[in-house]
Amino acid sequence: MNSIYLTIFGLIFLILLVIVYFSKKRVNYIENKVYSFLIISSLIGTIIEVISYILVVNGINGNSLLYAIVMKLLFENFFIWMSLFLLYYILIALKAKEHNVKKIINIYIISVILITLIVTFLPLNVIDTNGMLLPKGPAVDILYLLYGLCFLIIIFILLKNLKNIRNKRYVPLIIILLVFSFVVVMQNINPEIILLSPSSAFVTFLMYFTIENPDVKMIEQLNVAREQADKANKAKTEFLSNMSHEIRTPLNAIVGFSNILLEDEDVPEKSKDEIKDIVMASDNLLEIVNGILDISKIEANKIEIVNNEYSIKKVLDDLVALTKGRIAEKPLEFKVNIDETIPPVLYGDSQRIKQICVNILTNAVKYTKEGWIELKVSHIKIDNICRLIISVEDTGIGIKEGNIDKLFDKFERLDLNDNVTIEGTGLGLAITKKLVDLMGGKIVVQSVFGKGSRFTVSLDQRIVENPTIALDDIPETKSEEIKVEGKKVLIVDDNKINIKVAERLLDNYSVLHDSVESGLDCINKIKEGNKYDLILMDDMMPKMSGTEAFHELEKIPGFNVPVIALTANALTGMKEKYLSEGFSDYLAKPINKDELNRIINTFLNQE
Ligand code: ADP
């Protein structure tokens, strides 16, 4: 009867386990619920075993009905424990295959209730042999048979997962086999010793430390949640990128036709003002779409800094021209103070630098009613590094001290009540900050509320001693001055309206033009021997993308027509992508008149 010590140990450990397990925050997995029942079943079994011991010690007669009932309950409970143990493993295996778990659980519950009922009504006798009380009879036989069956299933599970046997989730299975074998041997040597409860307690305990620890489960669930969030974020970025394309395509038509109407002499002056408003509104919309696209790309770590040699003068000239345009009729003085000794050619991402400065300059214009704005650019030379210090100061509304920290949060717009009339999304500075960080630079804000602000950006750029780019500006040429008579352009676009816009824009140059609606048609045109001087190729087309079509064209012997990539997916950095694919140049949709002018001038001008 010494085995009672094991049972009491088991009972103490199980009570502790119940306290620890149920006091912890647990994840709501189905197998966790099964494990909770497993602990409870193990605890009940141990308590019954202690009761049976108390009955024996108190000299209960072998034939006592009470002892027989206690024994039956003990054996039945062990069967329930065993089947729960198996169910736990079956659920884990099923989960991997995403089977219908609910159905399996229902079948399980019905069969366990049935078996338990049958066993309850089958006779169990307690036989007293030489003072030893042994449970015998059909109820015991059938339960032993069921234990044996469970034993076989465990062996089957182990054999099936032999390859992954080192995984800690199989440890309890191996241990249960060993414990079982030990119990069978012990029971044969000394039938009086009942080890069912201590062994179930031991295995339940072991499971806690191998596969059922709530902390480990919680981490698992967090990982799953993170994966799901990543997936959702990816879907969001994709959605935004598609949306941008979808929005840009109709915008292309709006901007394109409004620009054409602006130049049309037949359109009355009065209507031209309205058309100008249409162009401005479309430009605003375009800016918003680009901003949303940029921030989602940055958040998905998809933005790359594309470094190239660039002329700093060109970048700053563009910025000055753009800001002057933005100031337009506002009563603002625009002071420009540029250090003339900045090395002329630097190595870095000029597009992104431009984007950063445009954002800050645009804000200065937006948030300053009167007074002045100053763009100041200086530099510090450290070996071959030029630290650009770009500052934009204004005499605008200023920012409250407590708000400076919030400035770079996305969708954060300060003092909205005062600024309702100023358009904005609250994305500009969030993007700016991220871009500056990506380039390893710094951005500092100083401001006095009601007086004005100063934004200072510092960026390290490598100095290029022997530049490979031309520094001389190509003078802008007006469309009428470009000599393109007799030149022929092929437009490839799956969207008929886009073709119409491109045709109308090309009409300004008196070039001949032709159009097709797919990459395949374009290839056929060339193969049929049609001669073109320039191809404008849309990239996003069904079946065959513009890039694919371009690579097919390259394979045609003797093909040397410049191909310009045309796309509505106009993210910064796209130009570099298309140039690296081998395209001669890149045009973003909506087509900008000046950009088209540049392309025509570069590739078709006969002079
Ligand atoms: P928005 O599209 O609203 O301009 P930004 O991210 O560019 O978004 O700026 C965030 C907020 O910071 C603005 O809404 C404005 O309240 C404030 N802000 C930015 N630049 C200035 C400035 N030069 N002067 C005053 N407030 C500014």
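This passage goes through the ligand site, a cavity, two unusual backbone angles and two long-range residue pairs in a predicted model.

The ligand site comes first. A shell of 21 residues surrounds the ligand, and the closest of them are Asn 363, Tyr 367, Arg 413, Thr 425 and Leu 429. Two of these closest residues also turn up in the polar contacts. For Asn 363, an N or O atom of the side chain sits 2.8 Å from an oxygen atom of the ligand. For Leu 429, the backbone does the job: one of its N or O atoms lies 2.7 Å from a ligand oxygen. Asp 394 takes the nitrogen side of things, with a polar side-chain atom 2.9 Å from a nitrogen atom of the ligand. Taken on its own, the ligand has 530 Å² of accessible area, and the protein covers 97% of that.

As for where the shell comes from, the elements that supply two or more residues are helices α11 (350–366) and α13 (428–438), along with strand β9 (452–463). Helix α11 gives the most, with three residues. Sorted by class, the shell is a mix: nine residues are nonpolar, eight are polar and four are charged.

Next, the empty space. The structure holds three cavities of 30 Å³ or more, and the second largest of them contains about 50 Å³ of space. Ser 41, Ser 42, Gly 45 and Thr 46 are among the residues that line this second largest cavity, and so are Leu 74, Asn 77, Phe 78 and Trp 81. The lining also includes Leu 196, Ser 197 and Ser 200. Three helices each give two or more residues to that lining, namely α2 (30–57), α3 (65–97) and α7 (196–210). In terms of class, the lining of the second largest cavity has seven polar residues, four nonpolar ones and no charged ones.

On to the backbone, where two residues other than glycine have a positive phi. Ala 328 is one of them, with phi near 40°. This alanine is found in the loop that runs between helix α10 (312–327) and strand β4 (332–338). Its relative accessible area is 54%, over the 50% cut-off, so Ala 328 counts as exposed. Asp 383 is the other case, with a positive phi of about 50°. That aspartate lies in the loop between strands β6 (371–382) and β7 (385–394). With a relative accessible area of 70%, Asp 383 is exposed as well.

Finally, two pairs of residues that are well separated along the chain. Glu 340 and His 379 are 39 residues apart in sequence, and their C-alpha atoms are 9.7 Å apart in space. Glu 340 belongs to the loop between β4 and β5 (345–348), and its relative accessibility of 73% makes this glutamate exposed. The second pair, Val 315 and Lys 354, is also 39 residues apart in sequence, with a C-alpha to C-alpha distance of 6.6 Å. Val 315 lies in helix α10. Its relative accessibility is just 5%, under the 20% cut-off, so Val 315 counts as buried.

Methods: Residues are numbered from 1 along each chain as its sequence is written. This is a predicted model: local features need pLDDT of at least 70, side-chain atom pairs count only at pLDDT 80 or more; totals for chains, interfaces and linings use all residues. Side-chain values use heavy atoms; hydrogens and water are left out. Helices (H or I, at least four residues) and strands (E, at least two) are DSSP runs, numbered from the N terminus. Buried means under 20% relative accessible area, exposed over 50%, partly exposed in between (1.4 Å probe, protein chains only). A residue is near a molecule or strand if one of its heavy atoms lies within 4 Å of it. A polar contact is a pair of N or O atoms within 3.5 Å; within protein, one must be able to donate a hydrogen and the other to accept it, and residues adjacent in sequence count only if both atoms are side-chain atoms. Accessible areas come from the Shrake-Rupley method with a 1.4 Å probe; for residues, only the protein chains shown count as cover. Ala, Val, Leu, Ile, Met, Phe, Trp, Tyr, Cys and Pro count as nonpolar, Asp, Glu, Lys and Arg as charged, and the others, Gly among them, as polar. On a 1 Å grid over the protein atoms alone, a cavity is a set of points where a 1.4 Å probe fits but cannot get out, and a pocket is an open set with protein on both sides within 12 Å along at least five of seven lines; lining residues have an atom within 4 Å of a point. Grid points are joined across faces, edges and corners, and a volume is the space filled by probe spheres set on the points.
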